[in-house]
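Take a look at the model below. We will walk through its sheet and then a pair of helices.

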Amino acid sequence: MNLMIASDYDDMSLKAANLILAQVTMKPDSVLGLATGSTPIGTYQQLIERFHAGDVDFSRVRTVNLDEYRGLTREDPQSYYYFMQEHLFSHINIAPDASFIPDGMNDDVQAVCDAYEETIRGLGGVDLQLLGLGNNGHIGFNEPGEVFEKETHCVDLAQSTIEANARFFASVDDVPTQAYTMGIQTIMNAKKILVIVNGAGKAEILKKAFYGPVTPEVPASILQMHPDVTVIADETACGGLL
């Protein structure tokens, strides 16, 4: 694991964007695994700015998102499809048919999961997977449990995750209780993994995830077993390490 310490959120976002830009420069048809939530917004803004500056071309890039709420339409402002359009895709020259997100409105759970795994395999796998780190150690929506889930699946969201995401909804009661997510095995199959972490509230879980035992009770701890992981964390998130 390579740990890069950033001075603050903006510096973390810049460093993460630089690594993604390097990936696309080296391989213009890269398959990028993308994340949602508040943490990557700054990174996406950096990518947009660099695109408009003429520093990068996304026309051959393909993307697959980590997860999507079950039961939200693509037009719902809280869906991850909407999030990606709002914060990245509508601002760069990625092809309209080159980004993939699980279908949250399909009630056939197994069909959704099988189709998404087939999509990822058909693209040749993920070259670089961007991850955030949940307060309870989840990556994607892989919640703490007794085993590491393997492939794309539908998960019942932990109450702590629902409460953490409630700030994006009118009330906690509006937060979906289920989501589709790439499984741990799917994430681990990515050639490179980039984890971004910021804020003092993530200090304890950052230490557990990358310096504690590998256990499904802290899903992100499995990343210790991946051969090419870069963690970019700001100084406050690294408080438990320094």
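Three strands form an open sheet in this predicted model. Their order is S4-S8-S7, and the pairing is antiparallel. Which strands lie at the edges? They are S4, residues 67-69, and S7, residues 153-156. Each of these two pairs on one side only. From one strand to the next, the twist averages 25°.

Now look at how S4 is held to S8, which covers residues 178-181. Three bridges join these strands, and they run antiparallel. Find Tyr69 and follow its pairing across to S8. Its bridge partner there is Ala179.

Next, turn to the helices. Two packed helices are described by the angle between their axes and the distance between the axes. Here the pair is H1, residues 9-26, and H2, residues 41-52. Their axes are 8 Å apart, and the packing angle is about 55°. How are H1 and H2 oriented to each other? An angle from 35 to 65 degrees falls outside the parallel and perpendicular ranges, so H1 and H2 are oblique to each other. The crossing of H1 past H2 is right-handed.

Which residues meet where these helices touch? H1 brings Tyr9, Ser13, Leu14, Ala16, Ala17, Asn18, Ile20 and Leu21. From H2 come Ile41, Gly42, Thr43, Gln46, Leu47 and Arg50. Sort this contact by class and you get eight nonpolar, five polar and one charged residues.

Notes:
Residues numbered from 1 in each chain as written. Predicted model: local features only at pLDDT ≥ 70, side-chain atom pairs only at ≥ 80, totals over all residues. Heavy atoms only, no water. Axes fitted to C-alpha atoms, helices over the stretch in contact; angles between N-to-C directions. Helix = DSSP H or I, 4+ residues; strand = E, 2+ residues; numbered from the N terminus. Parallel < 35°, antiparallel > 145°, perpendicular 65-115°, else oblique. Left-handed = near helix turned anticlockwise from the far one by under 90°. Contact = heavy atoms within 4.5 Å. Nonpolar A, V, L, I, M, F, W, Y, C, P; charged D, E, K, R; others polar. Pairing = 2+ DSSP bridges.
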